[in-house]
Amino acid sequence: MALLRSYRRFVVVAWQFLPLVWGYLRDRRRFVLFGGQRRVTSETRVERAQRLLDSLLTLGPTFIKLGQLLSTRPDVLPPEYVDVLTELQDRVPPADWVDARVVLEEELGPVEDAFDDFDTDPVSGASLGQVYTAEVDGERVAVKVRRPGIEELVEADLRVIRWTVPLIARFVGESRAFSLENLTDEFAKTIREEMDYVREAEMLSEIGANFADDPNVVVPEVYETHSGGRVLTMQYIPGTKISDVDTLDEQGVDRSAVAETVERAYLKMIIDDGVFHADPHPGNLAVQSDGTVVFYDFGMSGRVDEHVQNTIVEFYVAVANQDIDAILDALIDMGTLSPEADRATMAEVMELAIQDARGENIETYRVQQIVGKVEDTIYEFPLRLPSNLALVLRVATVVEGVCVTLDEEFDFISVATEYLTEQGYREESIRQFATETAEDVRESAQSTIRLAPKIERALDRVDRDDFYVRADIEDGDGVVDRLARRIVLGLVLATSVPTTALLYVTADLAATGVSAAFTLLVAAALYRSFKERRGIRATPQFTRQNLRERRRE
């Protein structure tokens with residue numbers, strides 16, 4: 001029965017996405033089976049993204065949640081799609097109270113017996129549940145109720161997604177296919193965890209205990225007697241939505257200080273505690289009038305092991321020291337950067353990223369120049385998100401966006417540097433560097449001693465004419481193949497032109513026409529081989545610069 005539901009669901013999903021898939025196939029080949037690529041403008045991408053948004057809303061809660069996750073994955077979707085899909089954070093229709101009441105009473109019994117008072121109008125709606133306000137023993141509480149029948153629908157949709165991803169992966173680059181597969185694994189894991197309110201209560205309590213002594217952060221307390229697998233009751237803590245900067249200004253809140261509090265809170269959760277709130281979009285963060293930051297909705301939360309924490313510390317220390325080589329080494333160690341990446345080009349990309357994180361202006365011509373280098377490289381853009389780091393990197397991206405919304409001049413790197421210094425991570429990194437350097441010097445000295453006899457043996461072989469060098473060419477990206485094809489086409493063209501001229505003088509027009517047509521085909525193939533470009537095609541976008549432009553508009 002469940003499998004049959006999945007088949008029916010697959011047909012519905014395929015019908016919704018068919019226009020987008022058809023358009024994408026025509027972008028690759030104008031007539032699907034043949035023809036050149038079509039140029040896709042930014043306006044076209046926005047229109048398609050809006051169509052995708054409507055399809056996700058039509059398909060319901062699971063795909064709304066998938067859209068929310070995609071809105072934070074620029075490694076999977078172009079920036080226009082990411083911008084449009086962020087609307088899903090606040091556009092989730094609520095379920096009927098009659099249906100929600102059934103779930104609530106199955107977990108806790110009659111509503112009138114469990115609560116002193118209950119407001120049946122939800123204060124917020126999410127893709128998997130919605131939140132109501134109520135009273136318990138005179139205290140105001142927030143009651144999160146899972147959507148009725150959501151478990152069966154989610155499992156059917158997850159099967160559909162698993163069936164669909166291998167098909168999509170065949171039409172995208174290797175790096176993007178890697179991210180898609182990890183996205184699928186991450187999504188299945190996180191959506192099941194998010195439906196488990198017992199787990200959410202445990203994470204909420206643990207993270208709340210970690211911030212018990214921090215006056216700048218508030219985490220709601222759990223009412224365990226009024227909670228279960230599908231209902232979570234917690235302390236109600238009001239606040240202003242963190243992105244409502246006008247209201248914060250009216251309250252006299254220091255927005256820059258709030259941004260620093262948010263960043264420090266996430267650095268503590270990820271680097272020190274190893275357990276973190278993983279859904280920091282503006283709907284889940286609020287600010288009280290004294291500048292205290294309130295965290296809501298711990299359904300999406302995660303843990304990081306010691307190895308991941310160490311690699312993240314190495315990355316942040318390298319960023320704090322502005323050591324580009326160390327940044328690239330850390331990214332490779334994390335698995336987010338291919339070891340075969342063009343380090344020179346990626347170094348320039350990282351320099352731009354650091355400038356943007358510091359709030360500095362970036363010259364447009366330099367951006368275009370670097371993007372051109374990335375497009376011309378023989379590798380596809382080599383950034384990707386491994387599953388064990390996807391949530392962490394997602395959090396870092398969204399938190400940076402939240403901080404910039406509060407203060408567009410906010411220096412993300414300076415705050416991280418100050419935090420790392422206070423916690424002693426930079427000093428520890430320096431000691432580790434000194435230890436590793438001493439070890440390198442010792443190994444170099446040993447190698448120097450062993451080098452002399454090897455050089456002498458090599459020189460003896462040269463003297464006896466017995467010295468050979470073997471070179472293997474690795475051409476995983478087909479550079480030599482393309483070069484050979486161009487040479488062959490060039491030689492054929494060079495012979496076809498005089499042949500056509502000779503036929504025109506000595507033979508009939510039919511033979512000349514055939515030869516001329518062949519010559520034109522060869523010339524077109526040669527021209528096309530030089531016009532082929534690989535790499536990214538997206539217009540570069542930088543958070544602060546886009547924010548300023550949008551505010552001016």
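Colleague: Which element supplies the largest share of the lining of the second largest pocket?

Modeller: The largest share comes from β3, which gives 3 residues to that lining. Please keep in mind that this is a predicted model.

Colleague: How does one find such empty space, and what is the volume of the second largest pocket?

Modeller: The general idea is that rolling a probe the size of a water molecule over the atoms shows where empty space is left. In this structure, the second largest pocket has a volume of about 780 Å³.

Colleague: How many residues line the second largest pocket, and which lie nearest its centre?

Modeller: The lining is made of 35 residues. Nearest the centre are Ser124, Val131, Gly283, Asn284 and Tyr296.

Colleague: Which elements each supply at least two residues of this lining?

Modeller: One helix appears in the answer, α3 (61-70), together with the strands β2 (124-125), β3 (129-136), β4 (139-146), β6 (231-235) and β9. We may now take several of these in turn.

Colleague: Is β3 mostly covered or mostly open?

Modeller: A residue is called buried when its relative accessible area is under 20%. By that reading β3 is mostly covered, with 7 of its 8 residues buried.

Colleague: How should I read the pairing of β3, and how many bridges join β3 to β4?

Modeller: One looks for bridges between two strands and for the sense in which the strands run. Between β3 and β4 there are 8 bridges, and the two strands run antiparallel. As an example, Val136 stands opposite Glu139 in β4. These strands form a hairpin with 2 residues between them, and Asp137 in the turn has a positive phi of about 55 degrees.

Colleague: How many bridges join β2 to β3?

Modeller: There are 2 bridges between β2 and β3, again in the antiparallel sense, and Gly125 faces Gln130 of β3 across the pairing. β2 and β3 also make a hairpin, here with 3 residues between them. In addition, strand β1 (residues 117-118) is joined to β3 by 2 bridges and runs antiparallel to β3, with Asp117 opposite Glu135.

Colleague: In what sense do β4 and β6 pair, and over how many bridges?

Modeller: The pairing of β4 and β6 is antiparallel and has 5 bridges. Within this pairing, Lys144 of β4 stands opposite Leu232 in β6. β6 is mostly covered, since 4 of its 5 residues are buried.

Colleague: How many of the residues of the helix α3 are buried?

Modeller: In α3, 10 of its 10 residues are buried. They include Pro61, Phe63, Lys65 and Leu70.

Colleague: The strand β9 remains. In what order do the strands of its sheet stand?

Modeller: A sheet may be read from one edge to the other. Here 4 strands form an open sheet in the order β5-β10-β9-β7, with mixed pairing. β5 (217-218) and β7 (240-241) stand at the edges and have a single partner strand each, so one side of each lacks a neighbour in the sheet. Helix α11 (residues 255-273) packs on the sheet and touches β5, β9 and β10 (293-295); the direction of α11 makes about 45 degrees with that of β10. β7 and β9 (residues 285-287) are joined by 2 bridges and run antiparallel, with Thr240 opposite Val287.

Colleague: Where is Asp297 found, and is it buried or exposed?

Modeller: Asp297 is in the loop between β10 and β11 (301-303). With a relative accessible area of 18%, Asp297 lies below the cut-off of 20% and is therefore buried.

Colleague: Which residues does Asp297 touch beyond its neighbours within four places in sequence?

Modeller: Asp297 is in contact with Lys144, Glu194, Glu200, His277, Asp279 and Asn284. Closer in sequence, a polar atom of the Asp297 side chain lies 3.2 Å from the backbone nitrogen of Gly299.

Colleague: How many cavities of 30 Å³ or more are counted, and which residues line the second largest?

Modeller: A cavity is closed, whereas a pocket is open. The count comes to 2 cavities of 30 Å³ or more. The second largest cavity holds about 30 Å³ of space, and its lining is Ala126, Leu128, Gly129, Lys144, Glu194 and Tyr197.

Colleague: Finally, how many helices and strands does the protein have, and what percentage of its residues is buried?

Modeller: The protein has 21 helices and 11 strands. Of its 553 residues, 44% are buried. Among contacts with a separation of 6 or more, 69% join residues 24 or more positions apart.

How values were computed. Residues are numbered from 1 along each chain as its sequence is written. This is a predicted model: local features need pLDDT of at least 70, side-chain atom pairs count only at pLDDT 80 or more; totals for chains, interfaces and linings use all residues. Side-chain values use heavy atoms; hydrogens and water are left out. Two strands pair if DSSP finds at least two bridges between them. Contact means heavy atoms within 4.5 Å. Axes are lines fitted to C-alpha atoms, for helices over the stretch in contact, and angles run from 0 to 180 degrees between N-to-C directions. Buried means under 20% relative accessible area, exposed over 50%, partly exposed in between (1.4 Å probe, protein chains only). A polar contact is a pair of N or O atoms within 3.5 Å; within protein, one must be able to donate a hydrogen and the other to accept it, and residues adjacent in sequence count only if both atoms are side-chain atoms. On a 1 Å grid over the protein atoms alone, a cavity is a set of points where a 1.4 Å probe fits but cannot get out, and a pocket is an open set with protein on both sides within 12 Å along at least five of seven lines; lining residues have an atom within 4 Å of a point. Grid points are joined across faces, edges and corners, and a volume is the space filled by probe spheres set on the points.
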